[in-house]
Amino acid sequence: MRSLQLLMACGAVTALVWTATGSVAKVDSNSGGASTKTFVARAAQVGMAEVMLGQEATERGEDAEVRTFAQEMVTDHSQANEELKRLAATKGWKVPLNTDASHRAMAQGLSKLSGNAFDRAYVKGMVADHNVAVAMFQRYARNGGDEDLKAWVTKLLPTLEDHQQKAKALWEKMTPWASN
């Protein structure tokens, strides 16, 4: 029962944060506008979270597919994070040094789980994270104010969509009763 409560809490925290930040990709026509800077900050925080949570899952995940997926998150998001840092440096944008409070809370919740409960909570969080990240990146690709950032977003979007589909497939495999 406690594992189920933690699993639900992780999902609720993630959903709450994404709901609260869902409008982050509203952009103005000024390439250096606050909305672009907000998008960069949010994208950096989410990317760092994917690496942090992925590292945890590669070490603690029970299921081999979960560990493989987690390693892909670490590899792909580490590369994307470095690219974003380089782009931000050329534009004079500040990139946060840490992830957001909701992902730190999710990591703390995961630290209390093990086995199948850990795997399920991690994958459920990855589904929620990638659903929102894909939507956020799609909005910036359509409406973003900085052309260089839009190019990076457009380049990264297929990878995020692939992660989203893999996370959903893992979740459906882990919870066959939930896919109907």
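**Close-ups of a helical model**

**View 1. Glu-147 and Lys-150 pair up along helix α6.** Glu-147 counts as exposed, with a relative accessibility of 55%. This is a predicted model, so bear that in mind for every view here. The partner of Glu-147 is Lys-150, and the closest N and O atoms of this salt bridge are 3.8 Å apart. Lys-150 counts as buried, at 15% relative accessibility. The two sit three residues apart in helix α6, which means about one helical turn separates Glu-147 from Lys-150. Elsewhere, Glu-72, Asp-162 and Lys-166 are joined into one network by salt bridges that share partners.

**View 2. Glu-65 and Lys-173 bridge α3 and α6.** Here's one of the ten salt bridges in the structure. The side chains of Glu-65 and Lys-173 meet at 2.1 Å, N to O. It's a link between distant parts of the chain: Glu-65 belongs to helix α3 (residues 64-91) and Lys-173 to helix α6 (residues 147-174), 108 residues apart. As for accessibility, Glu-65 is partly exposed at 39%, while Lys-173 counts as exposed at 55%.

**View 3. Asp-146 reaches Lys-91 from a loop.** These two side chains form a salt bridge as well, at 2.9 Å from N to O. Asp-146 lies in the loop between α5 and α6 while Lys-91 is in helix α3, so the bridge ties together parts that are 55 residues apart in sequence. Asp-146 is buried, with just 3% relative accessibility; Lys-91 comes in at 31% and counts as partly exposed.

**View 4. Phe-39 and Tyr-140 stack between α2 and α5.** Searching the whole structure turns up four aromatic pairs. In this one, the ring centres of Phe-39 and Tyr-140 are 4.5 Å apart and the planes are at 25°, so the pair is stacked. Phe-39 sits in helix α2 (residues 34-60) and Tyr-140 in helix α5 (residues 115-143), so to speak a long-range contact: the pair links distant parts of the chain, 101 residues apart. Both residues are buried. Zoom out a bit and ring pairs link Phe-39, Phe-137, Tyr-140 and Trp-152 into a cluster.

**View 5. Helix α4 turns one face inward.** Which residues of α4 (residues 101-111) are buried? They are Ser-102, His-103, Met-106, Ala-107, Gly-109 and Leu-110. Looking down the axis of α4, these buried residues fall within an arc of 160°, so they line one face of the helix.

**View 6. Tyr-122 sits in the largest nonpolar core.** This core has 21 residues, and those touching the most other members are Leu-53, Phe-69, Leu-110, Tyr-122, Val-123 and Met-126. Two or more residues come from each of α2, α3, α4, α5 and α6. The biggest share is from α5, which gives seven residues. Now for Tyr-122 itself: leaving aside residues up to four places away in sequence, it touches Leu-53, Gly-54, Ala-57, Val-66, Phe-69, Ala-70, Met-73, Met-106 and Leu-110.

**View 7. A second core includes Phe-39.** This one is separate and holds 19 residues, among them Phe-39, Ala-43, Phe-137 and Leu-160. Phe-39 and Phe-137 should look familiar, since the aromatic cluster includes them too.

Key. Residues numbered from 1 in each chain as written. Predicted model: local features only at pLDDT ≥ 70, side-chain atom pairs only at ≥ 80, totals over all residues. Heavy atoms only, no water. Phe/Tyr/Trp six-rings, centres within 6.5 Å; stacked < 30°, edge-to-face > 60°. Helix = DSSP H or I, 4+ residues; strand = E, 2+ residues; numbered from the N terminus. Buried < 20%, exposed > 50% of the residue type's maximum accessible area, 1.4 Å probe, protein only. Arc of directions from axis to C-beta. Salt bridge = Lys/Arg side-chain N within 4 Å of Asp/Glu carboxyl O. Core = buried A, V, L, I, M, F, W, Y, C linked by side-chain atoms within 4.5 Å. Contact = heavy atoms within 4.5 Å.
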